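This report goes through one protein model together with its ligand. Please keep the sequence and the structure in view while reading.

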Amino acid sequence: MCGIVGFCSNKEDGVDASTILLDCLSKLEYRGYDSAGIAVLNDGDLLIRKAKGRLSNLINLVEKQPVEGFVGIGHTRWATHGEPSDINSHPHTDVSNDIAVVHNGIIENHVKLRAWLEKHNVKFRSETDTECIAHLIDFHYNGDLLLAVTEALKRLEGSYAIAVVCKSEPNSIVVARKDCPLIIGRSEKYNLLASDVTPLLEYTREVQYIDDNQIAKITPTSVDIYDVEGSKIDVEITHVDWDMQSAQKNGFEHFMLKEIFEQPYAIEQTFKARVYAGKLDLGDITEAVKKAKRVVIVGCGTAYHAGVIARYAIEHYARIPVEVDVASEFRYRDPIIFEDDLCLVISQSGETADTLQAMRIFKKKGAKIIAITNVVGSTVSRESDYVMYTQAGPEIAVASTKAFTTQLMCVYLLTCALIKDETKAKELMAELETLSTKSQLIIDRQKEIQRFAARQFNKPKVFYFGRQSDFAISLESALKLKEINYTHSEAFAAGELKHGPIALLDEDTLVVATCCNKTLYDKMDSNIKEVKARGAKVLAITYENNKEFDTVADTVFHIPETDAYLSPILSVIVTQLYAYYCSVNRGNDPDHPRNLAKSVTVE
Ligand code: AGP
């Protein structure tokens, strides 16, 4: 989704703003975008360059038409209002091109604002909601940009992270946020801003997380942060541990492949962060967990799937009822939440708009919230009562892989804490400890999956089915293939086959049958036979010692044996690799799938 960046330095230091802005934008590419632009202040001038399409188009444009200067803002746009085009790209300016704005979010009352501004003789150039902001700031501008932005924000409804520059104030950037992420990077000689921490890592590790309804004035040597009333507030400077290496490809062709390969390490790190000498230590979460009468889980996409898997595991092992919903449904369905519910919010980025709103409902109802997130300092981590961090490191590819398997490790650790019987909990923990090594064994055999994908990447229909946790992981497997291979793929509970999906089967169909629950092997055997009888090809994923499906399925991929409820953390690696190699075979770019954004910060 849209990304904003900014850079503010002194002329004497001679650091070219456009170089830094373009570099920072390149680090936001993974979020998904369809155009990009920058605005640079230069000796009383405001220079703007924008280009539809890939960032390389903008880089070429800046090479041909350089923009020299030491202060500037930049943007990658993911179109919401108006098609991707040069005109609709950000930055947007006021009528006299004195003020430039970049914006992430949606201004919900933009139609009304547009009509009102047009009555005041404003001529709009783009179809965007953002352009209103530039004109409104201009309307309120009276020699003080901070004040003008503060006043303009009072008229906005919706969500935003904005960065604003003005010709008459050549040494500063004003930023503000409501429901969209915004981070300021602090350094001695310059300051920066970005929608997430990744672009800042090259330049600084000291950051300030701006909260909703805060406005900041950034100069090369200072950052002053205010609330909407104009009172100054102190915002702690946080040190970020992530290193640049983990945000680079390190010889892998794509981030996605690198991140798939990093899973054994990430799973191990997530386990070790909470288990010392065989003992589980969830810190202050332990108390909250003890009181839980029911667990309610929300998330979107892959994070929601981690929640579905958690439901099977928690209900089976801890015998506590679990409710799980996609955040976008949950927030509008008038949910019943009790104060003694334990609410679990799962989000890799910690910035997903629907997930944040669902979390705020939990808060209003007085329930305790545990966040499972990958991003330190994200909104989810700051607004929840407790946080379990996934130790995945930066996940750059849009399609989530290592963030998902580490989310699973977190929910399994929580499950251990919820189990009343200590021996049972210990047994489960012992099995959890083996999962990193077992996941490595699958990755070591990735060539087999690569070969299978080379034969099967062009199937027009791919269905995934299974029972219980195998059904839950089928949801995630189907999503991966949709996201990066653009294949029509669906997941369903194998028992539902005869209730409808069977009508879709024919010779063009590939069915991936995940069979990691021994008690249900016979049922899956029948389902596979039913599928085969309709001409579909079948890939079965099952344990290494199980030969039961060898004669029934067309291809069998064997994975190391584990408990049925933990098996998704292993079986998913097979389907991640399958989706990845299908995408590469098709000539797609798995890191930048069409229409998708990494961090969905608007509804
Ligand atoms: C995963 O492959 C997807 N890109 C998507 O479903 C993602 O999981 C979802 O948007 C939620 O994101 P979050 O974990 O950052 O909240």
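## Two local backbone features

In which loop is D43 found? In this predicted model, D43 belongs to the loop that runs between strand 2 (35-42) and strand 3 (45-52). The backbone of D43 has a phi near 40°, which is a positive value in a residue other than glycine.

A second backbone feature concerns the peptide bond between H90 and P91, which is cis, with omega at about 0°. P91, the latter partner in that bond, has its place in the loop between strand 4 (71-77) and strand 5 (92-93).

## Domain layout

The domain assignment divides the protein chain into domain 1 (3-241), domain 2 (246-441) and domain 3 (445-592). Between the C-alpha centres of domain 1 and domain 3 there is a distance of 45 Å. As for the ligand, the shell around it takes at least three residues from domain 2 (246-441) and at least three from domain 3 (445-592).

## The shell around the ligand

The ligand sits in the largest pocket, and 15 residues are found around it, of which S347, Q348, S349, T352 and E483 come nearest. Sorted by class, this shell is made up of six nonpolar, seven polar and two charged residues. In terms of secondary structure, helix 9 (301-318) supplies at least two residues of the shell, and helix 16 (469-485) likewise supplies at least two.

## Polar contacts and burial

Which atoms of the protein lie opposite the oxygen and nitrogen atoms of the ligand? For Q348, a backbone N or O atom lies 2.6 Å from an oxygen atom of the ligand, and for V398 a backbone N or O atom is placed 2.9 Å from a nitrogen atom of the ligand. With E483, by contrast, the side chain is involved, since an N or O atom there is 2.7 Å from a ligand oxygen atom. Taken alone, the ligand exposes 410 Å², and the protein buries 91% of that area.

Two of the residues in these contacts, Q348 and E483, are also among those that come nearest to the ligand. The picture of the site thus joins a ligand that sits in the largest pocket with a shell that draws on domain 2 and domain 3 and a protein that buries 91% of the area the ligand exposes when taken alone.

Technical notes:
Residues numbered from 1 in each chain as written. Predicted model: local features only at pLDDT ≥ 70, side-chain atom pairs only at ≥ 80, totals over all residues. Heavy atoms only, no water. Near = heavy atom within 4 Å. Polar contact = N/O pair within 3.5 Å; in protein donor to acceptor, adjacent residues only side chain to side chain. Areas by Shrake-Rupley, 256 points an atom, 1.4 Å probe, with all protein chains shown as cover. 1 Å grid on protein atoms, 1.4 Å probe; cavity = no way out; pocket = protein on both sides within 12 Å on 5 of 7 lines; lining within 4 Å. Sits in = over half its atoms within 2 Å of the grid points. Helix = DSSP H or I, 4+ residues; strand = E, 2+ residues; numbered from the N terminus. Nonpolar A, V, L, I, M, F, W, Y, C, P; charged D, E, K, R; others polar. Domains from an automatic or database assignment.
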